[in-house]
Amino acid sequence: MPPKEIPIITLTSDFGTKDPYVANIKARILSGCPSAKILDISHEIGLFNIIHAGFTLGHCFRDFPKRTIHIICVNSLKGELEKHVVLSLENHYFIGADNGVFSLLSDEDPKEIIELSQKEGISGSFPASGASNTAQLLSDRERRNNKLPIRFIERPPKKHAETTHPKEL
């Protein structure tokens, strides 16, 4: 029997580091999975700036081992129209609000998309609820072929994106 895989979880947020919010998320993750390795990508993403988040995470997620879980907490407040999803993309998993940020990460289409909802057994507020229930959702074999549409946003033109830092957009 192979050894149990220790999950690697990254966090990208617009929370900053002056408050306890990042620590709250890490505590919820570790409460559900004490062996998890949690790494910070950035907590200095511009407020609600999904282009900055997509630029930042899109340029580094491939450097992490396959099956890494990436939690994106930028413009993530759940409204009635804002759903939160887990998706599989390029052998990595991403959790966040379906606000267009996923379309900025890769030119590839996601292989799998699962909507986080109360009927899935998610309780509490995102991102803590998504973080603490991710392993359960990813291991559920009955959902392997579930495809849901996600929101896409127009990418900045390549020339503009290469010369302008996302914080300036």
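In this predicted model, the side chains of Lys-26 and Asp-40 meet in a salt bridge, with 2.8 Å from N to O. Because Lys-26 lies in helix 1 (residues 21-32) and Asp-40 in strand 2 (residues 37-42), this pair ties together parts that are 14 residues apart in sequence. The structure holds 2 salt bridges and 0 disulfides, and the points below take up these links before turning to strand 3 and to two threonines.

**Salt bridges**

- Lys-26 is partly exposed, with a relative accessible area of 23%, and its partner Asp-40 is also partly exposed, with a relative accessible area of 40%.
- A salt bridge is also formed by Arg-62 and Glu-90, whose closest N and O atoms are 2.8 Å apart.
- Since Arg-62 lies in the loop between helix 2 and strand 3, while Glu-90 lies in the loop between strand 4 (84-89) and strand 5, the pair ties together parts that are 28 residues apart in sequence.
- Arg-62 counts as partly exposed because its relative accessibility is 44%, whereas Glu-90, at 18% relative accessibility, counts as buried.

**Cysteines and disulfides**

- A disulfide is a covalent bond between the sulfur atoms of two cysteines.
- No such bond is found here, as the structure holds 0 disulfides.
- Cys-60 counts as buried because its relative accessibility is 18%, a value under the 20% cut-off for that class.
- Cys-73 likewise counts as buried, in this case with a relative accessibility of 1%.

**Strand 3 and its partners**

- Strand 3 (residues 69-73) is largely enclosed by the rest of the structure, because 5 of its 5 residues are buried.
- In a regular strand the side chains alternate between the two faces of the sheet.
- Both faces of strand 3 are covered, with Ile-69, Ile-71 and Cys-73 buried on one side and His-70 and Ile-72 buried on the other.
- Strand 1 (residues 8-13) runs parallel to strand 3 and is joined to it by 5 bridges; within this pairing, Ile-9 has Ile-69 of strand 3 as its bridge partner.
- Strand 5 (residues 92-97) also runs parallel to strand 3, and 4 bridges join the two; here the bridge partner of Ile-69 is Tyr-93 in strand 5.
- Ile-69 thus has a bridge partner in strand 1, namely Ile-9, as well as one in strand 5, namely Tyr-93.

**Thr-12**

- Thr-12 lies in strand 1, and it counts as buried because its relative accessibility is 1%.
- Leaving out residues up to four places away in sequence, Thr-12 touches Ile-71, Ile-72 and Cys-73, among others, and these three residues are part of strand 3, where they are buried.
- The other residues that Thr-12 touches on this count are Ile-41, Ser-42, Ile-45, Leu-57 and Val-74.

**Thr-56**

- Thr-56 lies in helix 2, which spans residues 50-58.
- When neighbours within four places in sequence are left aside, Thr-56 is in contact with Ile-41, Ser-42 and Ile-45, and these residues also appear among those that Thr-12 touches.
- Thr-56 and Ile-41 are 15 residues apart along the chain, and their C-alpha atoms are separated by 8.0 Å.

Key
Residues numbered from 1 in each chain as written. Predicted model: local features only at pLDDT ≥ 70, side-chain atom pairs only at ≥ 80, totals over all residues. Heavy atoms only, no water. Helix = DSSP H or I, 4+ residues; strand = E, 2+ residues; numbered from the N terminus. Contact = heavy atoms within 4.5 Å. Disulfide = S-S within 2.5 Å. Buried < 20%, exposed > 50% of the residue type's maximum accessible area, 1.4 Å probe, protein only. Pairing = 2+ DSSP bridges. Salt bridge = Lys/Arg side-chain N within 4 Å of Asp/Glu carboxyl O.
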